[in-house]
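This briefing is meant to be read beside the sequence and the coordinates. It takes up a few side-chain pairings and then moves to the interior and the overall fold.

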Amino acid sequence: MTEPVAGGKIQETQIGRYRSTRGLDYQSVPWRLWEKSKKLFWDPADIDFSQDAIDWQTMSPRQRTRVALSARGFMVGEEAVTLDIVPLLRCMSELGRLEDTMYLSMFAMEEAKHTEMFRRWFDAVAMDPAELDDLVREQQTALGQYRNGIFDGVLTEVMRRLDTDRSPQAILDATIIYNQLVEGVAAIAGYRRWDETFRFLGKLPGLAAGIKLTQRDERRHIAYGTYLGRRIIAENPELWPWVERRWEELTASFSGAYGAAEAEARAAAGFDDEYQRELAKRRLEALAVARTMNATEVDASAVEAFEPEELQHVV
């Protein structure tokens, strides 16, 4: 008779694969971010959207459309990054970086929570975001070649490449697009639009609270991406010229080099190219710091040193 497996018996076959038996690096940046995420946990189901449902009925059709389009855009974006963060988590696991893997597991859950938060808000105000699909297509057509197309294009491409290419440049490309472009430029520009919307309307307190909690999470996400980017650059300084070329390519749509019709379409879609250009400049400068650092100095930095200045007020 086969002896039953008893509690405490070691079942792994590759003992050297496991890091926790030899200790965890409690001072590492990913671990410190993991600790913050645990302490600042929140549940979208706990947000009260009842006042939002009342406010929704008092808003004009134009106000509803503007808010709903923004919420839909963020919800789709959060879903996209939820799906696309997985290869980076798997990559860190394959590289034996346990603390990074642990934090990225929390990171992925937080992106999923953001998706849930926006969907719960739509349900609470009885608005079907699918009704906006035709309007979104019209906006995309009007933007033409200047449509960003990040979520269903370059983001997915570079993230999934990590399943077969775990080189420093491939990881750097992934974090530049995910953490710096999507979160550090597009999302932060979107948060500013949300702030302006809430100040103007004086309504929708539940959605405002949910977005504030989302910003608090994204502050950590961008910090991790900046940490990871700086560490790779410090270890591989020869990659910096490529970083500058890649960033110029990725942010070309913010240049303002388009005609009146395209400019009008971008303004109607909520793009503020001047602000996005400033954000893009700041994100590149945040990575450039690593050119005068080594990996040990990057690892020893305070978490706050990686956080974007635009979100440091969110607590």
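**Charged pairs and packing**

Glu35 is partly exposed, with a relative accessible area of 27%. The model discussed here is a predicted one, and Glu35 is a convenient place to enter it, being joined by a salt bridge to Lys38 with 3.4 Å between the closest N and O atoms. The points below begin with such pairs and go on to the core, two helices and the fold as a whole.

**Salt bridges**

- Lys38, the partner of Glu35, likewise counts as partly exposed, at 39% relative accessibility.
- Glu35 and Lys38 both belong to helix α1 (residues 29-39), and because they are 3 residues apart there, about one helical turn separates them.
- Side chains of opposite charge can pair when their charged atoms come close.
- Lys36 forms a salt bridge with Glu304, the closest N and O atoms lying 3.5 Å apart.
- This second pair links distant parts of the chain, since Lys36 sits in helix α1 whereas Glu304 is in the segment after α13 (295-300), 268 residues apart.
- Both of these partners count as partly exposed, Glu304 with a relative accessible area of 43% and Lys36 at 26% relative accessibility.
- Arg219 and Glu307 meet through their side chains in a salt bridge of 2.9 Å, N to O.
- Because Arg219 lies in helix α9 (residues 205-235) and Glu307 in the segment after α13, this pair ties together parts that are 88 residues apart in sequence.
- Arg219 and Glu307 are both buried, and salt bridges that share partners join them with Lys36 and Glu304 into one network.
- The count of salt bridges comes to 22.

**Nonpolar core**

- The largest nonpolar core holds 84 residues, and those that touch the most other members are Val67, Leu88, Phe118, Trp121, Trp194, Leu207 and Tyr224.
- Helix α8 (residues 168-201) gives the most to this core, contributing 17 residues.
- Leaving aside residues up to four places away in sequence, Trp194 touches Val67, Ser70, Ala71, Phe74, Phe118, Leu207 and Ile211.

**Met92 and its surroundings**

- Met92 has its place in helix α4 (residues 86-94) and is buried, with a relative accessible area of 0%.
- Beyond residues up to four places away in sequence, Met92 touches Arg97, Asp100, Thr101, Leu104, Ile171 and Tyr224.
- Of these contacts, Ile171 is 79 residues from Met92 in sequence, while the C-alpha atoms of the two are 9.6 Å apart in space.

**Two sides of helix α10**

- In helix α10 (residues 240-250), the buried residues are Trp240, Trp242, Val243, Arg246, Trp247 and Leu250.
- Seen down the axis of α10, these buried residues fall within an arc of 150°, and they therefore line one face of the helix.
- Arg245, Glu248 and Glu249 are exposed on the other side of α10.

**Fold, surface and confidence**

- The secondary structure of the protein amounts to 13 helices and 0 strands.
- Of the protein's 315 residues, 48% count as buried, and its accessible surface comes to about 15,700 Å², with 52% of that belonging to carbon and sulfur atoms.
- Among contacts between residues at least 6 apart in sequence, 84% join residues at least 24 apart.
- The average pLDDT of the protein is 89, and 87% of the residues score at least 70.
- Over residues 257-261, however, the pLDDT is below 50, and this stretch has 6 contacts in the model beyond near neighbours in sequence.

Definitions and conventions. Residues numbered from 1 in each chain as written. Predicted model: local features only at pLDDT ≥ 70, side-chain atom pairs only at ≥ 80, totals over all residues. Heavy atoms only, no water. Core = buried A, V, L, I, M, F, W, Y, C linked by side-chain atoms within 4.5 Å. Buried < 20%, exposed > 50% of the residue type's maximum accessible area, 1.4 Å probe, protein only. Helix = DSSP H or I, 4+ residues; strand = E, 2+ residues; numbered from the N terminus. Contact = heavy atoms within 4.5 Å. Areas by Shrake-Rupley, 256 points an atom, 1.4 Å probe, with all protein chains shown as cover. pLDDT = per-residue confidence, 0-100. Arc of directions from axis to C-beta. Salt bridge = Lys/Arg side-chain N within 4 Å of Asp/Glu carboxyl O.
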